[in-house]
Amino acid sequence: AKVTARYYFGAPAVDAAVQWHVFRTPFTPSHHRPGAWDWYYGAGYEEWGRYDQPGGRELVAEGAARTDELGQTLVLFETAKAAKDFPDLDQRYSIEVTVVDKSRHTVEATGNVTVTRREFFAFLAPRQGFYEPGDQVEIEVSSVTPDDAPRAASGIIVVARVTFSGE
């Protein structure tokens, strides 16, 4: 990940000290249809099934560096270990940096990098939860990238019948 440190007036923070930490958490994709009050409460506020990501944070890398003449430095870290240890999980890496310039002005920032096994995710949203035999079912299909940007896709939807014949 590239870290760029600039002053408010746009000049690069040259030769600034950078401390960085990279944390890993499991990533579970989610998508929420637009709601009437998203602009106020945030996306997905009315979908009560929303949940936090499982698992805790794991420190995977840390280090120190100095910015170059453009106010930039690179933060390098490995993702192969998580791919090997958790082959069925996607991951989100949170990069937390503290930049201190020569006048000792300190700025902290955080950015995320999401590493997934798929290019995009598809979500199905039926208009209601239950139907009776013979009902017409409307389902909205959304496909999005891991950062929730819309993504055009094509595919086949398979409908399965679930029956219960037990006790």
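Tutor: Let's start with a definition: a residue counts as buried under 20% relative accessible area, as exposed over 50%, and as partly exposed in between. Keep in mind that this is a predicted model.

Student: Thanks! Is Leu124 buried or exposed?

Tutor: First, find Leu124 in strand β7, which covers residues 121-126. The cut-off for exposed is over 50%. Leu124 has a relative accessibility of 52%, so the word for this residue is exposed.

Student: Which residues does Leu124 touch, not counting those up to four places away in sequence?

Tutor: An exposed residue can still have contacts, and Leu124, at 52% relative accessibility, is an example. Leaving out residues up to four places away in sequence, Leu124 touches Ile139, Glu140, Val141 and Ile157.

Student: How far apart in space are Leu124 and His31, C-alpha to C-alpha?

Tutor: Sequence and space tell two stories here. Along the sequence, Leu124 and His31 are 93 residues apart. In space, their C-alpha to C-alpha distance is 9.6 Å.

Student: Let's step back to the whole chain. How many helices and strands does the chain have?

Tutor: Read along the sequence, the pattern is β-β-α-β-β-α-β-β-β-β. Count each α as a helix and each β as a strand, and the chain has two helices and eight strands.

Student: What radius of gyration does the chain have?

Tutor: Begin with the extent: along its principal axes, the C-alpha trace spans about 70 × 40 × 30 Å. For a compact globule of 167 residues, the radius of gyration would be near 15 Å. The value for this chain is 22 Å.

Student: What percentage of the residues of the chain count as buried?

Tutor: Look at the surface to begin with: the chain exposes about 12700 Å², with 54% of that area supplied by carbon and sulfur atoms. To count as buried, a residue must be under 20% relative accessible area. Among the 167 residues, the buried share is 22%.

Student: In what order do four strands form an open sheet?

Tutor: The pairing in this open sheet is antiparallel. The edge strands, each pairing on one side only, are β3 (58-66) and β6 (106-115). From one strand to the next, the twist averages 20 degrees. Put the edge strands at the ends, and the order reads β3-β2-β5-β6.

Student: Over how many bridges do β2 and β5 pair?

Tutor: Strand β2 spans residues 17-27 and strand β5 spans residues 90-100, and they pair in the antiparallel sense. Two pairs to look for are Val18 with Val99 and Pro26 with Gln91. The number of bridges between β2 and β5 is eleven.

Student: Which residue in β3 stands opposite Val22?

Tutor: Strands β2 and β3 run antiparallel and are joined by eight bridges. Look across from Val22 into β3, and you arrive at Ala61.

Student: Now the charges. How many salt bridges does the count come to?

Tutor: Side chains of opposite charge can pair when their charged atoms come close. The cut-off used here is a nitrogen of Lys or Arg within 4 Å of a carboxyl oxygen of Asp or Glu. By this rule, the count is eight.

Student: What is the N to O distance in the salt bridge of Asp15 and Lys102?

Tutor: Asp15 is partly exposed at 28% relative accessible area, whereas Lys102 counts as exposed at 63%. The side chains of Asp15 and Lys102 meet in a salt bridge with an N to O distance of 3.5 Å.

Student: Is Asp90 buried or exposed?

Tutor: Asp90 forms a salt bridge with Arg117, with the closest N and O atoms 2.9 Å apart. The pair links distant parts of the chain, with Arg117 in the loop between β6 and β7 and Asp90 in strand β5. Arg117 is partly exposed at 42%. Asp90 has a relative accessibility of 2%, which is under the 20% cut-off, so Asp90 counts as buried.

Student: One more: which residue meets Glu138 in a salt bridge?

Tutor: Glu138 is partly exposed, with a relative accessible area of 44%. Its partner's side chain meets that of Glu138 at 3.2 Å, N to O. That partner is exposed at 59%, and its name is Arg127.

Technical notes
Residues are numbered from 1 along each chain as its sequence is written. This is a predicted model: local features need pLDDT of at least 70, side-chain atom pairs count only at pLDDT 80 or more; totals for chains, interfaces and linings use all residues. Side-chain values use heavy atoms; hydrogens and water are left out. Two strands pair if DSSP finds at least two bridges between them. Axes are lines fitted to C-alpha atoms, for helices over the stretch in contact, and angles run from 0 to 180 degrees between N-to-C directions. The radius of gyration is taken over C-alpha atoms; the globule rule is 2.2 Å times the number of residues to the power 0.38. Buried means under 20% relative accessible area, exposed over 50%, partly exposed in between (1.4 Å probe, protein chains only). Accessible areas come from the Shrake-Rupley method with a 1.4 Å probe; for residues, only the protein chains shown count as cover. Contact means heavy atoms within 4.5 Å.
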